[in-house]
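Open the model in your viewer and keep the sequence panel beside it. This tour tells you what to select at each stop and what is there.

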Amino acid sequence: MNPKGMKPITDPLEAAQRLAALLAEAQRITGFTGAGISTECGVPDFRSPGSPWMANKPIPFAAFTASAAARQEAWRRKFTMDDAYAGARPGRGHRMLAALHHAGKMPVLITQNIDGLHQLSGMPAESLIELHGNGGHAKCLTCETRHELAEIRPIFERKGEAPPCRWCGGLLKSATVSFGQAMPEPEMRKAVKAALACDVFLAIGSSLVVYPAAALPQAAHENGAKLVVINGEPTAYDAGATLLIRSDIGTVLDETQLLLGL
């Protein structure tokens, strides 16, 4: 365990060497990613000063379901943010984690991100647990049928509102988990299972403050797993980390991939 007050590793090469050694010894790694892994790809996080998310905050779920005006504004903000990172492609961190999976070291990756970059990096959908959903499509809130954004956006731009579900007439919403919306139970069960099955829990680019997802590293640690925290800012789990890295995520993971020969 990392004693309180121990300085995090800030040199990317030293961090990569320590991380590669730990991952090489691991039998079963569970990855966990937050917004910090995607910022080098042009996807803004929520908490950085000047983040466009501050001007386009997601509409709370209760307001979305209660008000047509709120739904219109939610879709306007959704498409504004989509345009802000439309050209984003997987970064070095995404590619390293996909390689770690294909090498048989990391069976499952849990993510809080909604940007779809893990899939684009080669991570199989069946091995990816998206706790907060995916912003690449929409779902009906009644029958849960998937709807494509390419069908919804032209209608929204022409009429000022999203169409109803073509099957049941229900409300369509981006397939992401909004504030106040219930977390998807199947994904949470899978995530808990993955956290309890690993010997290394690799938390990358997450502030680890959004619950219930933030409870996963604690569950893994209490079950005997080594906890690795890689983040640009302090987290509540730093003191319990076996390895604490506060350096550029892309650089550290890229160097780690090279050291592991992935």
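Start with two neighbours in a sheet: β7 and β8 are paired in parallel fashion through five bridges. Two strands pair if DSSP finds at least two bridges between them. Helices (H or I, at least four residues) and strands (E, at least two) are DSSP runs, numbered from the N terminus.

A word on the model before moving on. This is a predicted model, in which local features need pLDDT of at least 70 and side-chain atom pairs count only at pLDDT 80 or more, while totals for chains, interfaces and linings use all residues. Residues are numbered from 1 along each chain as its sequence is written, and side-chain values use heavy atoms, with hydrogens and water left out.

**Stop 1: β8 and its partner**

Select residues 226-230. This is β8, and four of its five residues are buried. Buried means under 20% relative accessible area, exposed over 50%, partly exposed in between (1.4 Å probe, protein chains only). Now pick Ile204. Which residue is its bridge partner in β8? The partner is Ile230.

**Stop 2: the six-stranded sheet**

Widen the selection to the whole sheet. Six strands make an open sheet, ordered β3-β2-β1-β7-β8-β9, with parallel pairing. Its edges are β3 (128-130) and β9 (243-245), each paired on one side only. From one strand to the next, the twist averages 15°.

**Stop 3: strand β1**

Select residues 29-33. This is β1, which pairs in the parallel sense with β2 (residues 108-111) over four bridges. Click Gly31: its bridge partner in β2 is Leu109. Click Thr30: Val108 in β2 stands opposite.

Turn to the other neighbour. β1 and β7 run parallel and are joined by five bridges. Thr33 stands opposite Ile204 in β7.

Is β1 enclosed or open? Five of the five residues of β1 are buried, so the strand is largely enclosed by the rest of the structure. Show the side chains. Ile29, Gly31 and Thr33 point one way, Thr30 and Phe32 the other way, and all are buried.

**Stop 4: helices on the sheet**

Go back to the pairing of β1 with β2, over four bridges. Add residues 92-102. This helix, α5, packs on the sheet and touches β1, β2 and β7 (200-204). The α5 direction makes about 160° with that of β7. Then add residues 185-197, helix α8, which packs on the sheet against β1, β2, β3 and β7. The direction of α8 makes about 130° with that of β3. Contact means heavy atoms within 4.5 Å. Axes are lines fitted to C-alpha atoms, for helices over the stretch in contact, and angles run from 0 to 180 degrees between N-to-C directions.

**Stop 5: α5 against α10**

Keep α5 and add residues 249-260, helix α10. The two axes come within 8 Å and cross at roughly 35°. Among the residues that meet here are Met96 and Leu100 in α5, and Leu253 and Leu260 in α10. By class, the contact has five nonpolar, five polar and three charged residues. Ala, Val, Leu, Ile, Met, Phe, Trp, Tyr, Cys and Pro count as nonpolar, Asp, Glu, Lys and Arg as charged, and the others, Gly among them, as polar.

**Stop 6: Val252**

Pick Val252, in helix α10. Buried or exposed? Val252 is buried, with a relative accessible area of 0%. Leaving out residues up to four places away in sequence, Val252 touches Pro12, Ala15, Ala16, Leu19, Ile245 and Ser247. Now find Gly160, 92 residues apart from Val252 along the chain: 45 Å separates their C-alpha atoms.

**Stop 7: the three-stranded sheet**

Select β5, β4 and β6. In that order they form an open sheet with antiparallel pairing. The edge strands are β5 (146-148) and β6 (172-176), each pairing on one side only. The twist here averages 50° from one strand to the next.

Pick β4 (residues 133-140), joined to β5 by three bridges. Lys139 stands opposite Arg146 in β5. Add residues 68-84: helix α4 lies across β4 and β6, at about 45° to β6. Then add residues 149-159, helix α7, which packs on the sheet and touches β4, β5 and β6.

**Last stop: the whole chain**

Zoom out. The protein chain has 10 helices and nine strands. The C-alpha trace spans about 55 × 35 × 35 Å along its principal axes. Buried residues make up 48% of the 262 residues.
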